[in-house]
Amino acid sequence: MATQTKRRRVAGLADSEDPAPVAGFLSWCRRVGLELSPKVAVSRQGTVAGYGMVARESVQPGELLFAVPRAALLSQHTCSISGLLERERGALQSQSGWVPLLLALLHELQAPASPWSPYFALWPELGRLEHPMFCPRVRCLELYRQLVALVMAYSFQEPLEEEEDEKEPNSPLMVPAADVLNHLANHNANLEYSPNCLRMVATQPIPKGHEIFNTYGQMANWQLIHMYGFAEPYPDNTDDTADIQMVTVREAALQGTEVEAERLLLYERWDFLCKLEMVGEEGAFVIGWEEVLTEEELAMTLKVLCMPAEEFREFKDQDGRGDDRREEDSLTITNIPKLKASWRQLLRDSVLLTLQTYATDLKAEQDLLSNKEVYATLSWREQQALQVRYGQKMILHQLLELTN
């Protein structure tokens, strides 16, 4: 899911509630059959950023928060120019699949009688897009950049059924009410798809007065800051990751070579890994809190770079076939201490080299985060960048402990 590029509010500063957009939106919801539970409220008060949804009463897991009929969704198939978009489908194809939705959105934004007008009132960004749709004077890269940012931020993509995996992905669409929810990795609500409607259902107990959160997907902090403008402070983002550049592992392995023949053999091993498409000059191994997301690639790299020379020759002659992965070689986080000593040492050296690429060490950032007065003097960008770095370093330091 993608949703609004929201910045989290500084503690103690709340926007004054403007009831007009919310009242208009709620009236529109009733008109189109979008059912909001009486236990929830759309509000700017009590939310981490912008508009959000808050529990009026305690909510239990499994309770319906709201249901959106499919007729209320805004997509290339439901907009008033759907026939035109269908006729021009071939010309509007793109890798992202966003172009038809961009045109549908832009048309409905400027159509005086658009049925989605009250829905748009909750989007403050849209005030900047008051341009005639096909006016040459305003048809510029900046206009389309803003529209793409909106679609990236607000749109949803319905997942394919298991038996439909071979099909093209479903077209993105706008889901009123669902795009109001903010994000947490440990979210307490989830969007369910059915033939007649989309249902937001509570997945955890939500106490009265607490905000209701959906998820934008399993996203590391660097992805959140890149796409949505915020990072989750440590340790909230359980989906956070740290990267170890693949070439850094090669560099760490080179540190263990003493003569030219050993260095040449190591480069031969690296070239073989490239041939197997396990590594690349621009690639990275991705480490999470509970798993190595690139487990196959990292396990093969450690194996090839650490195996004895004669074993490598035989392995290379077989083109890497017959690779029987043993359970003790599994790269789950909990199994890392059980890896061969040579694997652990190479992984540890790679982590140490990665930590050297940061301008500051972990203790300096721990001191900064613990000093609330100094932290408050940082700009928003500096605070978010600090949260991104700190989460990455904590994951890397966990790896150091596991490989010790």
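At what angle do helix H11 (residues 341-356) and helix H14 (residues 380-402) pack? The first legend below takes up that pair. The model shown is predicted.

**View 1. Helices H11 and H14 pack at an angle of about 150°.** Their axes lie 9 Å apart. Angles over 145 degrees count as roughly antiparallel, so H11 is roughly antiparallel to H14. The crossing of the two helices is left-handed. H11 brings Arg344, Leu347, Arg348, Val351, Leu352, Thr354 and Leu355 to the contact. H14 meets them with Lys393, Leu396, His397, Leu399, Leu400 and Leu402.

**View 2. Helices H8 and H10 cross at roughly 30°.** H8 spans residues 260-275, and H10 spans residues 309-317. Their axes come within 12 Å. Angles under 35 degrees count as roughly parallel, so H8 is roughly parallel to H10. This crossing is left-handed. On the H8 side, the contact residues are Leu265, Glu268, Arg269 and Phe272. On the H10 side, they are Ala309, Phe312, Arg313, Phe315 and Lys316.

**View 3. Thr301 sits in helix H9 (residues 295-306).** Is this residue, Thr301, buried or exposed? Thr301 has a relative accessible area of 0%, so it is buried. Setting aside neighbours within four places in sequence, Thr301 contacts Val249, Leu273, Met278, Val279 and Phe285. Phe272 of H8 also meets H10. Thr301 and Phe272 are 29 residues apart in sequence. In space, the C-alpha atoms of Thr301 and Phe272 are 9.9 Å apart.

**View 4. Strands S1, S4, S7 and S6 form an open sheet in the order S1-S4-S7-S6.** The pairing is antiparallel. Strand S1 (35-36) and S6 each have a single partner strand, so one side of each is left without a neighbour in the sheet. These two strands stand at the edges. Strands of a sheet pair through backbone hydrogen bonds.

**View 5. Strand S7 (residues 197-202) is largely enclosed by the rest of the structure, because five of its six residues are buried.** Which strands pair with S7? Strand S4 (residues 64-69) pairs with S7 in the antiparallel sense over five bridges. Strand S6 (residues 189-193) is also joined to S7 by five bridges, and these strands run antiparallel. On the S4 side, Ala67 stands opposite Arg199, and Phe66 has Met200 as its bridge partner. On the S6 side, Asn190 stands opposite Val201. A hairpin of three residues links S6 to S7.

**View 6. Leu65 and Phe66 touch the most other members of the largest nonpolar core.** That core holds 51 residues. What does Leu65 touch, not counting residues up to four places away in sequence? Its contacts are Glu35, Leu36, Ser37, Val40, Val59, Ala189, Met200, Val201, Ala202 and Ile212. A second, separate core has 46 residues. Its members include Ile333, Leu339, Leu346 and Leu402. Leu402 is also one of the H14 residues in contact with H11.

**View 7. Strands S2, S3, S8 and S5 form an open sheet in the order S2-S3-S8-S5.** The pairing in this sheet is mixed. Strand S2 (40-43) and strand S5 (182-183) stand at the edges. Each has a single partner strand, so one side of each is left without a neighbour in the sheet. Strand S3 (residues 52-55) and strand S8 (residues 211-214) run antiparallel and are joined by two bridges. Within this pair, Val54 of S3 stands opposite Glu211 in S8.

**View 8. The whole protein has 14 helices and ten strands.** How much of the protein is buried? Buried residues make up 47% of its 404 residues. Among contacts with a separation of 6 or more, 69% come from residues 24 or more positions apart.

Definitions and conventions: Residues numbered from 1 in each chain as written. Predicted model: local features only at pLDDT ≥ 70, side-chain atom pairs only at ≥ 80, totals over all residues. Heavy atoms only, no water. Pairing = 2+ DSSP bridges. Helix = DSSP H or I, 4+ residues; strand = E, 2+ residues; numbered from the N terminus. Buried < 20%, exposed > 50% of the residue type's maximum accessible area, 1.4 Å probe, protein only. Contact = heavy atoms within 4.5 Å. Core = buried A, V, L, I, M, F, W, Y, C linked by side-chain atoms within 4.5 Å. Axes fitted to C-alpha atoms, helices over the stretch in contact; angles between N-to-C directions. Parallel < 35°, antiparallel > 145°, perpendicular 65-115°, else oblique. Left-handed = near helix turned anticlockwise from the far one by under 90°.
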